[in-house]
Amino acid sequence: GLVFGVKVLFIAAIGGAGRGPGDAMIDLRLDCGGAALLARVTRLSVDRLGLAPGVAVYAMVKAVAVAGRDFGGRPVSDPAGG
């Protein structure tokens, strides 16, 4: 089977999407049972995986840093910046 070095796994639904920094990145708001998780992914991944609001996903977290207050200079509650 597949082996991942993931520390935390969330079952989530994509709650919203907005433009990330530059043209190649998309910011996604994931709804994880009442908690918000933000993910920055490439536009290519969004297209290839069919990621859109309402789609169910697994969020695998393996990070050296996690921002609890903002994401790319925008409030956590507003990944689309508007």
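The side chains of R40 and D27 form a salt bridge, with 2.8 Å from N to O; a salt bridge here is a side-chain nitrogen of Lys or Arg within 4 Å of a carboxyl oxygen of Asp or Glu. This pair ties together distant parts of the chain, since R40 sits in strand β3 and D27 in strand β2, 13 residues apart. D27 counts as buried, at 0% relative accessibility, whereas R40 is partly exposed, with a relative accessible area of 34%. Buried stands for under 20% relative accessible area, exposed for over 50%, and partly exposed for the range in between, with a 1.4 Å probe and protein chains only.

The model is predicted: local features need pLDDT of at least 70, side-chain atom pairs count only at pLDDT 80 or more, and totals for chains, interfaces and linings use all residues. Residues are numbered from 1 along each chain as its sequence is written, and side-chain values use heavy atoms, with hydrogens and water left out.

The secondary structure of the protein consists of one helix and six strands. Helices (H or I, at least four residues) and strands (E, at least two) are DSSP runs, numbered from the N terminus. Along the sequence the pattern is β-β-β-α-β-β-β. The protein has 82 residues, of which 22% count as buried. Of its contacts with a separation of 6 or more, 45% are between residues 24 or more positions apart; a contact means heavy atoms within 4.5 Å.

Strands β2 and β3, which hold the opening pair, belong to an open sheet of four strands with the order β3-β2-β1-β4 and antiparallel pairing. Two strands count as paired if DSSP finds at least two bridges between them. The edge strands are β3 (35-42) and β4, each of which pairs on one side only. On average, neighbouring strands of this sheet are turned by 50 degrees against each other, direction ignored; the axes are lines fitted to C-alpha atoms, for helices over the stretch in contact, and angles run from 0 to 180 degrees between N-to-C directions.

The pairings can be followed from the β3 edge. Strand β2 (residues 25-32) runs antiparallel to β3, and eight bridges join the two. One of the residues involved is L30, whose bridge partner in β3 is L37. The hairpin of β2 and β3 has two residues between the strands, and G33 in this hairpin takes a positive phi near 60 degrees.

On to the next pair: β1 and β2 also run antiparallel, joined by six bridges. Here A13 has D31 as its bridge partner in β2. The hairpin of β1 and β2 has five residues between the strands, and its G22 takes a positive phi near 75 degrees.

How many salt bridges does the protein have by this rule? The count comes to three. Besides R40 with D27, there is a salt bridge between R19 and D23, whose closest N and O atoms are 2.8 Å apart. D23 is exposed, with a relative accessible area of 58%. The side chains of R29 and D31 also meet in a salt bridge, at 3.5 Å from N to O. R29 counts as partly exposed at 22% relative accessibility, and D31 is partly exposed with a relative accessible area of 35%. D31 therefore counts as partly exposed and is also the bridge partner of A13 in β2.

At the other edge of the sheet, A56 lies in strand β4. Is A56 buried or exposed? At 65% relative accessibility, A56 counts as exposed. Leaving out residues up to four places away in sequence, A56 touches A12 and A13. The C-alpha atoms of A56 and A12 are separated by 5.8 Å, although the two residues are 44 residues apart along the chain.

The surface is the last topic. The protein exposes about 5700 Å², and carbon and sulfur atoms supply 58% of that area; accessible areas come from the Shrake-Rupley method with a 1.4 Å probe, and for residues only the protein chains shown count as cover. L9, I11, Y58 and M60 make a nonpolar surface patch of about 500 Å². The elements that give two or more residues to this patch are β1 (8-19) and β4 (56-61). Patches are made of residues with over 30% relative accessible area and no salt bridge, with like charges joined within 9 Å and nonpolar side chains (Val, Leu, Ile, Met, Phe, Trp, Tyr) within 5 Å. M60 has its place in strand β4 and is partly exposed, with a relative accessible area of 47%.
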